[in-house]
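Subject: The two-chain model

Hi,

Here is the structure I promised to pass on. Have a look at it first, and then read my notes underneath.

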Amino acid sequence: MKSVVALSALAISLVSSFAAIAAQEVNIYSYRQPYLVKPVVAEFTQKTGIKVNVVFAKKGLVERLTREGKHTKADLLLTTDISRLMELTDKGLTQPVKSTVLKRNVPAHLRDEDNEWFALTTRVRNLYLSKERMAGVTLRYEDLSDPKYQGKICTRSGKHPYSVALISSMIAHHGYDDAKVWLEGFKDNLARRPQGNDRAQIKAIAQGQCDIALGNSYYFGKILMNDLQKVWAESVKITFPNQQDRGAHVNVSGMALTKYAKNKKAAIKLMEYLTGNSAQNFYSEINLEYPVKKGVRVSKLVASWGEFKADNLAMSAIAGNRQLALKMLDEVKFDL
Amino acid sequence: MFINLNIKWPAFSWLLSLLLFSPLLAIIWQSFGDDHNIFSHLWQTVLPDYLLNTLLVVIGVAVSSMLIGVPLAWLIAMCQFPMRGFFVWALLLPLAMPSYVVAYIYTDLFEYAGPVQRWLREFFSWQSPQDYWFFEIRSVSGAIAMLTLVLFPYVYLLARTAFLEQSTSLLHSSRMLGCSPWQSFVRISLPLARPAISVAIALVAMESLADFAVVNYFSVPTLTTAVYDTWLGYGSLAAAARLSAMMIAVLFVLISIERLGRSKQQLYQKTTGQETKERFELRGFNAFITVLFCSLIFGLAFLLPFVTLIDLAIDYFEQSWNEQFIQYSINSLMLATIVSVCCIVIGLLLSFYKRLSNQRYAYIPSKISSTGYALPGTVLAIGVLIPLSFLDHQLNELFEWLGREGPGLILSGSLFAIVVGYVVRFVAIAIGSIESSFNKVTPSLDMVSTTLGLSPLQMLIRVHLPLVRKGCFAAALLVFIESMKELPAALLLRPFNFETLATYVYQYVSDEQLELGALAAIVIVMVGLIPLIFLNRSLEQQH
């Protein structure tokens, strides 16, 4: 019994030591890995003296925020997908931000109408093709279901947010029934069960397991920048689909201010900083994403892939079809 | 039984177990919410496939862990052979390996683009996947193999403890009465060790049921996948909770079948303390096969992944060295220590109550406290968050009512939440291991100590504790190592800027860049070695 008492005393003392709060700070719940977040915010802290604290998790942060309600310590949310941003605003967990800086830095179609969320970067869902076996070929997303490519395509899980967003956009453009026929054809063309991340797809093309793969733009660049993995990318080319019609599918990473943010002023300062030249440059040069701010250039490597036309489907349409896309994936048994 | 416990014991035990059960209760409560027909949609589409995969993985891992763990335990405990002194502790090492790291390394090795298949292609000049057959590592059987490699040490450890605690006089008697070594193993040792083995198998089954990292990495959809899909994809906690409840039901059925099998058995034994253990001396071919078997398991489950990690860590040392490693190690160690101590204390109290009480339902507290282990980590984390944040809100309102500023989220927003999450998840290990040790202590000791005037608490401390010490040690070790590796609960429940080794490694593994987290993974393993060596010494001391 004594030990129980002693332990609870220990636990409480630990709790109180962690509950201490410093003066000027911003607390972030992040779906992005800390190694991508920390370098950017480190500079912010250096310039402003505002401390930035981060909790990173890939799952469940929205739920945690909901449960914490008005007592939450989180001020800012960072996500890697439009659906999550919309989920936050739909659940009433965010608040509008009035900032001329944000308005100036983020183009209108990349932020919420009511200013509840803002995109930080955009990323394209590219098609990677084998240089040798797909020489001279350009593809549309629609071609993924062409029986000609049976056994030639690789992709990551259909349930991954990036895949779901692409399928949502297909539903928006073609309607549910046609999109489903497309997804079934796509599944029949797979060289292997959906698996691995986007990097793994490039590796699979390099090794000859497939000729075509779906992947986000920056993964290709990240592989080129990795000395040991660079060889995989050498036999693979990156292409932008649907350039003759609606353009390539684009998703965003973004941020939102929580409804009960305690450090609102500092948090908005950080939001403005993240859309500013310095942070946008970092996203562009180090993460190889497309910056949202006009005037900030994409990195040389990304620029070498050429200009492209982006699908201008509203972000809200992508998020709105998400449930349908998930149901379709189950019906088609895409991952099984 | 014959001892009259005063009201404190049952009250305390029930209260404690209800606290430990509250996260699950919260989940069950959630499952009555509206799920917008998602459950029926799943049932009509993918759920039967998921269910089949789940059963295959759970049963596959349980059976193969037993087939590897029990023979190893018996060989080490009862036989003498070359290098035995090394294997005694070496076979525990795989425990320190996080399953997601092992899965990652083997996939890298055996997938189409991996070195093994590449080499085969070059050697036989095959051009494409159609030219030859090679097993698919990312499959149900691959997942079974990976989980077995990291989970078999449970069976090995608990079975070995059971074999060591066995009275040699029983074995001597059996030999004197004409049993061959094999017969004496099957007719005496194995039945005596059965409670411990079945506890270990139950733990292994629960762990594989709750696993998300490996099956997700292998894209083998199971019930856990469905739980995450429904909750994070469809945004329906109700449907996810319903699936979790289903998983628990599957588990209860499996465990009850085993319990039923030995419900009529009562096994007690005494060691006099003056026995000398003599091991069977293995020679020649037998010794060779034994060493080969031990080396193979050790090589696959530990050596190969560990060497790969070291290789990666050297290649990427500059990018992955981080001066905060020491802080992360301290965080991990501190957390794991607190959690193991809590689990052991709770395990002792609940098992002891169950032993002494004469109430019909006295087995329930320890039973319901053990259910947290089978829940996928993130779901459990939400389960913990629901009651804790509820309490936080009440507390803050109380403060406001008193006209003071509330303390904020002191329960759900602090380290306390992680500790609770870990204890709820891992107390099953402690309860299982301690109960099986208690079961071997003859009730006549309870009678004697009561007759001599000891109170229950005195009896626990002075009589039983020394006897079940080994079971406690084994349990503490398992809880410690699991806490070092545990991930999903830590990720979601941690306070700001709180990083453990596991969360640090995971941010890279989740991005399929293990090379950058390899160094930290090595530290997890090394830190895990310390208690392993400790435990092993205490197990071997008297024998």
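Below is what I found, starting with the contact between the chains.

One thing to keep in mind throughout: this is a predicted model.

**Where the chains meet**

On the chain B side, 71 residues are in contact with 62 residues of chain A. Together the two sides bury about 5,900 Å², and carbon and sulfur atoms give 56% of that. Within chain B, the residues that lose the most area to chain A are Tyr234(B), Leu409(B) and Phe496(B), which together make up 12% of what that side buries.

There is a polar side to this as well. Between chain B and chain A there are 22 residue pairs in polar contact, counting pairs with both residues at pLDDT 80 or more. Helix α17 of chain B (residues 377–401) gives the most to the side that touches chain A, with 8 residues. The salt bridge count between the chains is 3. In one salt bridge, Lys203(A) pairs with Asp108(B), and their closest N and O atoms are 3.1 Å apart.

**His393 on chain B**

His393(B) sits in that same helix, α17 of chain B. Is it buried or exposed? His393(B) counts as buried, because its relative accessible area is 17%, below the 20% cut-off. Leaving out residues up to four places away in sequence, His393(B) touches Arg67(A), Glu68(A), Gly69(A), Lys70(A) and His71(A). Its side chain also reaches the backbone oxygen of Glu68(A), at 3.3 Å.

**Helix α8 of chain A**

Lys203(A), from the salt bridge above, is one of the buried residues of α8(A). This helix covers residues 198–206, and 8 of its 9 residues are buried, so the rest of the structure largely encloses it. Charged side chains are on the buried list too, including Asp198(A) and Arg199(A). At the N-terminal end, Asn197(A) acts as a cap: one of its side-chain oxygens lies 3.2 Å from the backbone nitrogen of Arg199(A). After the helix comes Gly208(A), with a positive phi near 85°.

**A nonpolar patch on chain B**

Finally, something on the surface. Leu55(B), Ile59(B), Val63(B) and Leu67(B) form a nonpolar patch there, with about 340 Å² of accessible area together. Leu55(B) belongs to helix α3 of chain B, residues 47–78. Leu55(B) counts as partly exposed, because its relative accessibility is 35%.

Shout if you'd like to go through any of this together.

Cheers

Methods. Residues are numbered from 1 along each chain as its sequence is written. Chains are lettered from A and ligands numbered from 1 in the order in which they are written. This is a predicted model: local features need pLDDT of at least 70, side-chain atom pairs count only at pLDDT 80 or more; totals for chains, interfaces and linings use all residues. Side-chain values use heavy atoms; hydrogens and water are left out. Patches are made of residues with over 30% relative accessible area and no salt bridge: like charges are joined within 9 Å, nonpolar side chains (Val, Leu, Ile, Met, Phe, Trp, Tyr) within 5 Å. Accessible areas come from the Shrake-Rupley method with a 1.4 Å probe; for residues, only the protein chains shown count as cover. A salt bridge is a side-chain nitrogen of Lys or Arg within 4 Å of a carboxyl oxygen of Asp or Glu. Helices (H or I, at least four residues) and strands (E, at least two) are DSSP runs, numbered from the N terminus. Buried means under 20% relative accessible area, exposed over 50%, partly exposed in between (1.4 Å probe, protein chains only). Contact means heavy atoms within 4.5 Å. Buried area is the accessible area (1.4 Å probe) that two parts lose on being put together, summed over both. A polar contact is a pair of N or O atoms within 3.5 Å; within protein, one must be able to donate a hydrogen and the other to accept it, and residues adjacent in sequence count only if both atoms are side-chain atoms.
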